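Visitor: I'd like a close look at one open space in this protein and what walls it in. Could you walk me through it slowly?

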Amino acid sequence: MKFDVLVLGGGIVGTSTAIHLQRRGLITALIDREAPGRETSYGNAGLIQREGVYPYAFPRDLGTLLHYARNRSTDVRYHPSALPSIAPFLARYWHHSAPDRHARIARQYSTLIEHCLTEHKALIGLAGADELLREGGWLKVFHHSGALDAAHLEAERWHREYDVPFERLDATQLQRDEPSLSSTLAGAIRYTASNSIRDPGELVTRYASYFTSLGGHIIRGDATTLSPHWRVQTAEGEVEGRQAVVAMGPWSDTVTRALGYQLPLAVKRGYHRHFKPEPGASLNQPVLDAESGFLIAPMQQGIRLTTGVELAWRDAPRTPVQLAAVEPMARQLFPLGTPIESTPWMGSRPCTPDMLPIIGPAPNHRDLWFAFGHAHHGLTLGPVTGRLIAEMVTGEPTLVDLTPFRADRF
């Protein structure tokens, strides 16, 4: 059971990385405790966010901070018991969210974002998953004209700085495009270059099937047993690789800490639930209610209602209070029917305080690579991250300069 590379983590990042390594002739094993795409990559909003050049920043104005401190917001909640342990992370997150620092981070982040569509489309074509791709953008809708005007100015800035296309829809145009949405909306911003996926978990499954068709191996195993140089315990016995890639999303630090790394990784938890639409109702594209902090998206399973952020320990008990809070609002926005699942789904987004993923070599170990910390953009950046890791492993010139994403920046 010897391989050229062990890829630890079967989410969108790990599976994309395994594909790119196998395509370059490296015999690769993809190792996870679950089938590919069953953890965090299963439960996102399905957006491939070409417009996402500015990663989500920590609020810095006093009014917003006081609003969130009440812990009643629909878009951000927190577990009070977790605050002492995550406070240092939040302080660093606040520091990096200063406007000048955030702008610098966006310039670095945009080098990844600009390749998200082309890299996904390449893998989607190879994996035969074209029917899962929805083109034409997604909508950010607003109830008040003032909020719509502010979003328009932001979209103009993104277009001016990073050539992100968009269009503004007034109430009449929005009703024509999405007649089942509430007629009381003031309008919307549509990010026309971004795409979405009809079933993110199924997309990862298709990518994994393509990986095995190339001769790759998918093995159930406990990635936390990784030890130099490089061995992992699996259901098929111990496997060994000349090189290893840690792409375990929110669980990555369980491996990196054991190897002596103190990387500042935290999680933002989120929930979703699917609903049947009421008879005659339809939704053509993902819709974010920007003022209420939830998103609805048409998925193969039904209409997926997703929440914002819950700050908590990764393994704390589920508390889907945000989902309960936004469901009545979502029903006013769109005629949701009965829920499909008996209980909501929960996942954790792996985050760094400077909002940039960790992509590159492990500073203190030979032949070990890191690929995690993508926060809200794991689906968006999975394929380009996989390509970059494979280029580094094989010594090729990388598509972008990876200096800002190296682990030794901390």
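Visitor: What is the volume of the second largest pocket?

Guide: Before the number, a word on the source: this is a predicted model, where local features need pLDDT of at least 70 and side-chain atom pairs count only at pLDDT 80 or more, while totals for chains, interfaces and linings use all residues. Residues are numbered from 1 along each chain as its sequence is written, and side-chain values use heavy atoms, with hydrogens and water left out.

Now the pocket. The second largest pocket comes to about 380 Å³ (the space filled by probe spheres set on grid points joined across faces, edges and corners). Its lining has 18 residues, and Ser85, Ile86, Leu265, Ala266 and Val267 sit closest to the centre. A pocket here is an open set of points on a 1 Å grid over the protein atoms alone, with protein on both sides within 12 Å along at least five of seven lines, and lining residues have an atom within 4 Å of a point.

Who builds the wall of this pocket? At least two residues each come from α3 (83-96), α9 (252-258) and β13 (266-277) (DSSP runs numbered from the N terminus: H or I of at least four residues for helices, E of at least two for strands). Helix α3 gives the largest share, with six residues. Going by class, you'd find 13 nonpolar, one polar and four charged residues around the second largest pocket; Ala, Val, Leu, Ile, Met, Phe, Trp, Tyr, Cys and Pro count as nonpolar, Asp, Glu, Lys and Arg as charged, and the others, Gly among them, as polar.

Step back to the domains, and the wall of this pocket takes at least three residues from domain 1 (2-43 + 201-264 + 354-405) and at least three from domain 2 (62-98 + 132-195 + 266-351). Those bounds come from an automatic or database domain assignment.

There's a closed space to set beside it. The count is one cavity of 30 Å³ or more, a cavity being a set of points where a 1.4 Å probe fits but cannot get out. The largest cavity has a volume of about 100 Å³. Its lining includes Tyr56, Tyr93 and Tyr109, along with His374, His376 and His377. Pro55, Lys268, Cys351, Thr352, Met355 and Ala375 line the largest cavity too. By class that wall has seven nonpolar, four polar and one charged residues. The largest cavity also draws at least three lining residues from each of domain 1 and domain 2.
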